[in-house]
Amino acid sequence: MKRDGLASLGLYADAWEVLETLPPADRVRPAVLAVRLMVCQGLARWELGQEVARYIGPDDDSMHREAAGRFHLGHAIALCAAGDVVAARAAVGALAVVWPEGRALALDSDALEAIW
């Protein structure tokens, strides 16, 4: 099974446990960070996910940037639902920096209507 297989199935706690068994040097690889972001989003661990997302930047592989962008999108939606429009805008801004290709998703999201 792929490393993101458990996370893709919604088994976030199990996926996190598997990631924790990796050697320390492997835990900071962009592919592993991308899976961590899926888990953080699935478990609504937004603060931890923000820390992880900082390690994926605009120069990383598109798959990894997409994972970071989707995390920021999910975070923005959660913030908007909680009424924190200012922080939701900041999360969309982070999405636009790391994954410009995902801006359309934010613009088309009914859940983010309040920030526009």
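In the predicted model, Trp-46 has a relative accessibility of 18% and is therefore counted as buried, since the cut-off for that class is under 20%. Phe-71 is likewise classed as buried, its relative accessibility being 0%. A search of the whole structure returns one aromatic pair, and this pair is formed by Trp-46 and Phe-71, whose ring centres lie 5.5 Å apart and whose planes enclose an angle of 45 degrees, an arrangement described as tilted. The two rings connect distant parts of the chain, as Trp-46 belongs to helix 4 (residues 46-53) and Phe-71 to helix 5, with these positions 25 residues apart in sequence.

Charged side chains were examined in the same manner. Side chains of opposite charge can pair when their charged atoms come close, and the search of the whole structure identifies five salt bridges. One of these joins the side chains of Glu-20 and Arg-36, with a distance of 3.0 Å from N to O. Because Glu-20 is located in helix 2 (residues 12-20) and Arg-36 in helix 3 (residues 30-42), this pair ties together parts of the chain that are 16 residues apart in sequence. The partners differ in their exposure class: Glu-20 is partly exposed at 34% relative accessibility, whereas Arg-36 is buried at 6%. Arg-36 also has an aromatic neighbour, in that its charged end sits over the ring of Trp-16, at 4.4 Å from the ring centre.

A further salt bridge is found within helix 5 (residues 62-81), where the side chains of Glu-66 and Arg-70 meet at 2.8 Å, N to O. These residues are four positions apart in the helix, so that about one helical turn separates Glu-66 from Arg-70. Glu-66 is partly exposed, with a relative accessible area of 29%, and Arg-70 falls into the partly exposed class as well, at 39% relative accessibility. Elsewhere, salt bridges with shared partners join Glu-20, Arg-27 and Arg-36 into one network.

The side chains of Arg-54 and Glu-51 likewise meet in a salt bridge, for which the N to O distance is 3.1 Å. In this pair Arg-54 is exposed, its relative accessible area amounting to 61%, while Glu-51 is partly exposed at 41% relative accessibility. Among the charged residues described here, the acidic partners Glu-20, Glu-51 and Glu-66 are thus each partly exposed, whereas the arginines comprise buried Arg-36, partly exposed Arg-70 and exposed Arg-54.

Key:
Residues are numbered from 1 along each chain as its sequence is written. This is a predicted model: local features need pLDDT of at least 70, side-chain atom pairs count only at pLDDT 80 or more; totals for chains, interfaces and linings use all residues. Side-chain values use heavy atoms; hydrogens and water are left out. A salt bridge is a side-chain nitrogen of Lys or Arg within 4 Å of a carboxyl oxygen of Asp or Glu. Helices (H or I, at least four residues) and strands (E, at least two) are DSSP runs, numbered from the N terminus. Buried means under 20% relative accessible area, exposed over 50%, partly exposed in between (1.4 Å probe, protein chains only). Rings of Phe, Tyr and Trp (its six-membered ring) pair if their centres lie within 6.5 Å; planes under 30 degrees apart count as stacked, over 60 as edge-to-face and the rest as tilted. A charge sits over a ring if NZ of Lys or CZ of Arg is within 6 Å of the ring centre and within 35 degrees of the ring normal.
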